[in-house]
Amino acid sequence: MKNLLFTLIGLCLLNVSVAKGPTYASKEAKTIIEKMVNAHGGYEKWKAIDAMSFSNVMHSPSLGFVRFWVHDQTIDMKTRRLYQDWPLFGSKLSFDGKEVWTVDWRVPNPPAHQQSVFFYYLNLPWLTQDDHVVLGEPELVEHKGFDNKVYKVKMTYKKAPAIGKTDRDSYTLYIDSESYLLAGYEYTMSYGPILDAVGLPKDQKVFGPVLRKNNYIADVNGLKFAILFTTHDSEMTAQYGDHAIYDLKIDAQFDETRMTKPANAVVDPAIDKRQ
């Protein structure tokens, strides 16, 4: 009897230790999210990518003198290591899986936050399948930002999903009820240094929500990525930014030399603490 009890306890512990992927509020939530992932080309095909690269242009009057932010990025999809080049600023960034460092960083946003920003925007449909993701109860709604009714699903985290993000971040997904493509999403940010960078008052712990609308979704070898999108206030009464992803490759080569920290590199401490 004692041996049987120990065996059952061991099996329970094993099940806990190998639990992977998201937590769903209900069977309906799981069904809708899986339909979205499949509409974007499926999880297994995306998971098979070794390295991805893309270039990004963001335009906004709020960016100051340089109103166009342009950067090139390559990601090792198995480890989420990455490197970026910012040609208009002459800046470089690398993330080796543990540390974020930069050379000549002139971009106003903190590097630890910026390292994951457009990776998340581009890959959000599949990132719903990451560990520690929580997906809420779906609600079928009409939204003036989208032509069709959309399923509204809140995406939160049990643990911080990446350096420069926190477990207080969230995405509210708007999934087209006919195509099941991700039509857009609202997002919030809670990482301390980015709240300082955008000038949020000290008593406010969350920036947002801000609404992102996916305006064009491109097919890249069977996977569908939003490559043109715009950023608005949550009521869509103001537009904050225009974004374009181009030269997207899902068969990129990852340059391992970019994981060697140069002597003049500056390491971001990546501490979720406001100054």
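**Close-up views of a predicted model**

**View 1. The largest cavity holds about 60 Å³ of space.** This is a predicted model, and here we look at an enclosed space inside it. Lining the largest cavity are H113, S116, V117, Y120, Y121, K165, Y171, Y187, T188 and M189. At least two of the lining residues come from α5, and at least two from β11. By class, the lining of the largest cavity splits into six nonpolar residues, three polar and one charged. If you are counting along with us, the model has three cavities of 30 Å³ or more.

**View 2. The second largest cavity has a volume of about 40 Å³.** Its lining is made by W46, K47, I49, M77 and R80. Three of these residues are nonpolar and two are charged, with no polar residue in the lining of the second largest cavity.

**View 3. The largest pocket has a volume of about 690 Å³.** Look for S62, L63, Y187, V198 and F207, the closest to the pocket centre among its 28 lining residues. Several elements give two or more residues to this lining: α4 (111-114), α5 (117-127), β11 (182-189), α6 (192-197), β12 (207-220), β13 (223-233) and β14 (239-249). The largest share comes from β12, which supplies five residues. Sorted by class, the lining of the largest pocket has 16 nonpolar, 10 polar and two charged residues. Y187 is a handy landmark, since that residue also appears in the lining of the largest cavity.

**View 4. The second largest pocket encloses about 280 Å³ of space.** A total of 19 residues line the second largest pocket, and those nearest its centre are R80, Y120, D130, P161 and A162. The lining is made up of 11 nonpolar, five polar and three charged residues. Two of the names may look familiar: R80 also lines the second largest cavity, and Y120 also lines the largest cavity.

**View 5. Strand β5 (residues 91-95) is largely enclosed by the rest of the structure, because four of its five residues are buried.** On one side of the pairing scheme, strand β4 (residues 81-86) runs antiparallel to β5 and is joined to it by five bridges. Within this pair, L82 has F95 of β5 as its bridge partner. The hairpin of β4 and β5 has four residues between the strands, and G90 there takes a positive phi near 70°. Strand β5 also pairs with strand β6 (residues 100-103), again in the antiparallel sense, over four bridges. Here K92 finds its bridge partner in V103 of β6. Four residues likewise separate the strands in the hairpin of β5 and β6, where G97 takes a positive phi near 100°.

**View 6. The largest nonpolar core brings together 64 residues.** The residues with the most contacts inside this core are I33, M52, Y171, L173, I175 and F225. Helix α5 gives the largest share of the core, nine residues. Another core lies apart from this one; it has six residues, among them F146, V150, Y174 and A183.

**View 7. A closer look at Y171 and the residues it touches.** Leaving aside residues up to four places away in sequence, Y171 touches Y120, Y121, L124, V153, K154, M155, Y157, K165, Y185, E186 and Y187. Y171 links back to the earlier views: it is among the residues with the most contacts inside the largest nonpolar core, and it helps to line the largest cavity.

Key: Residues are numbered from 1 along each chain as its sequence is written. This is a predicted model: local features need pLDDT of at least 70, side-chain atom pairs count only at pLDDT 80 or more; totals for chains, interfaces and linings use all residues. Side-chain values use heavy atoms; hydrogens and water are left out. On a 1 Å grid over the protein atoms alone, a cavity is a set of points where a 1.4 Å probe fits but cannot get out, and a pocket is an open set with protein on both sides within 12 Å along at least five of seven lines; lining residues have an atom within 4 Å of a point. Grid points are joined across faces, edges and corners, and a volume is the space filled by probe spheres set on the points. Ala, Val, Leu, Ile, Met, Phe, Trp, Tyr, Cys and Pro count as nonpolar, Asp, Glu, Lys and Arg as charged, and the others, Gly among them, as polar. Buried means under 20% relative accessible area, exposed over 50%, partly exposed in between (1.4 Å probe, protein chains only). Two strands pair if DSSP finds at least two bridges between them. A nonpolar core is a set of buried Ala, Val, Leu, Ile, Met, Phe, Trp, Tyr and Cys residues joined through side-chain atoms within 4.5 Å. Contact means heavy atoms within 4.5 Å.
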